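Student: I have a new structure open and hardly know where to start. Could you walk me through it?
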Amino acid sequence: MAKRERKGAEVGGEVRERLLSGATGLFAAKGYAATTVREIVERAGVTKPVLYYYFRSKEGIYLDLMREPFGKFTALVEGTVLEAGSARERLLRLFLMTYDIFVENIDTARVMYSIYYGPPQGAPFIDFDAYHRRFQEAVLQVLREGVRDGEFRRVDPHDAMWAVIGAVNVAMEVELCHPRQSLGRDGVRRVLELVLEGIVMNRKTTGRIRRRR
């Protein structure tokens, strides 16, 4: 009985992932508004009642496909604020893992950009700005701690925030719009290290400074 239940759960998980994958590809290619439930189920190889069972509606599948990457992003941001380590180490980890999440969910990112920057498509509201604001607040906090602890020069934290956020934003948009020119993870690291080098107080001690607890 237990074995049958496990097999059923595995099959259900596979069907659910096919629906999410199919919807994501269609939303990215056609837009949310132009994609129909029929197209989603045809691509996933299931019937409409199956979609309704797992997600209830097209709106439900859209919310679900946004939930996972933004959940990972939120956990990453909050972890960066709380974790120990030098400010430089924490910022590098935050930005590189943000880039990783973006690349791993590139079609979802394409859908998000079309919803955020494009004409209204009737998609359920997600407060993307709230995620951006929390990201900025976390970066500012780490930068201020780096200045306070003597790891960074006494620069304007807002200027430094826009410098590092701008670097990773450009890298992500290149990945999205010009993938052949992708910097890749190593390239993003090099660019970030170059930007952060401009505010490091003492390069010889960088990496040995640890966050005060």
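Tutor: One definition will help us before anything else: an angle of 65 to 115 degrees between two axes counts as roughly perpendicular. Please also keep in mind that this is a predicted model.

Student: Okay, so what helices and strands does the protein have?
Tutor: The protein has nine helices and zero strands, and reading along the sequence gives the pattern α-α-α-α-α-α-α-α-α.

Student: How much of the protein counts as buried?
Tutor: Of its 213 residues, 43% count as buried. As for contacts between residues at least 6 apart in sequence, 71% of them join residues that are at least 24 apart.

Student: You started with angles. At what angle do helix 2 and helix 3 cross?
Tutor: The axes of helix 2, which covers residues 37–44, and helix 3, which covers residues 48–55, cross at roughly 100° and come within 9 Å of each other. That angle lies in the range of 65 to 115 degrees, and therefore helix 2 and helix 3 are roughly perpendicular to each other.

Student: Which residues meet there?
Tutor: On the helix 2 side they are V37, R38, I40 and V41, and these meet K48, L51 and Y52 in helix 3. By class, the residues of this contact divide into five nonpolar, no polar and two charged.

Student: Staying with helix 2, which of its residues are buried?
Tutor: V37, I40, V41 and A44 are buried in helix 2. These residues cover an arc of only 90° around the axis, which puts them on the same side of helix 2.

Student: Why would residues that are not next to each other end up pointing the same way?
Tutor: An α-helix has 3.6 residues a turn, so residues three or four places apart point the same way.

Student: And what does the face turned away from the buried side carry?
Tutor: That face of helix 2 carries the exposed residues R38, E42 and R43. Just after the helix comes G45, whose phi is positive, near 75°.

Student: Which residue that is not a glycine has a positive phi of about 75°?
Tutor: That is R56, which has this positive phi although it is not a glycine. Most residues other than glycine have a negative phi. R56 is placed in the loop between helix 3 and helix 4, the latter being residues 58–82, and with a relative accessible area of 73% R56 is exposed.

Student: New topic: how do helix 6 and helix 8 cross?
Tutor: Helix 6, residues 106–117, and helix 8, residues 157–177, have axes that come within 10 Å and cross at roughly 100°, which makes helix 6 roughly perpendicular to helix 8. The contact is made by I106, R110 and Y113 from helix 6, together with E173, E175 and L176 from helix 8. Sorted by class, this contact has three nonpolar, no polar and three charged residues.

Student: Let me click on T98. Is it buried or exposed?
Tutor: T98, which has its place in helix 5, residues 87–104, is buried, with a relative accessible area of 8%. Its side chain reaches the backbone oxygen of L94 at 2.7 Å. If we leave aside its neighbours within four places in sequence, T98 is in contact with F73, L76, F135 and M172.

Student: What about R185, where does it lie and what is it in contact with?
Tutor: R185 lies in helix 9, residues 184–197, and is partly exposed, with a relative accessible area of 35%. Setting aside neighbours within four places in sequence, R185 is in contact with L96, M97, Y99 and D100. R185 and V103 are 82 residues apart in sequence, and 9.6 Å apart in space from C-alpha to C-alpha.

Student: How far apart in space are A163 and L196?
Tutor: From C-alpha to C-alpha, A163 and L196 are 8.8 Å apart, although 33 residues separate them in sequence. A163 lies in helix 8, where this residue is partly exposed, with a relative accessible area of 36%.

Student: Last one: where does A34 lie?
Tutor: A34 lies in the loop between helix 1, residues 2–30, and helix 2, and is partly exposed, with a relative accessible area of 39%. Its C-alpha atom and that of Q121 are separated by 8.3 Å, while the two residues are 87 residues apart along the chain.

Terms used. Residues numbered from 1 in each chain as written. Predicted model: local features only at pLDDT ≥ 70, side-chain atom pairs only at ≥ 80, totals over all residues. Heavy atoms only, no water. Axes fitted to C-alpha atoms, helices over the stretch in contact; angles between N-to-C directions. Helix = DSSP H or I, 4+ residues; strand = E, 2+ residues; numbered from the N terminus. Parallel < 35°, antiparallel > 145°, perpendicular 65-115°, else oblique. Contact = heavy atoms within 4.5 Å. Nonpolar A, V, L, I, M, F, W, Y, C, P; charged D, E, K, R; others polar. Buried < 20%, exposed > 50% of the residue type's maximum accessible area, 1.4 Å probe, protein only. Polar contact = N/O pair within 3.5 Å; in protein donor to acceptor, adjacent residues only side chain to side chain. Arc of directions from axis to C-beta.
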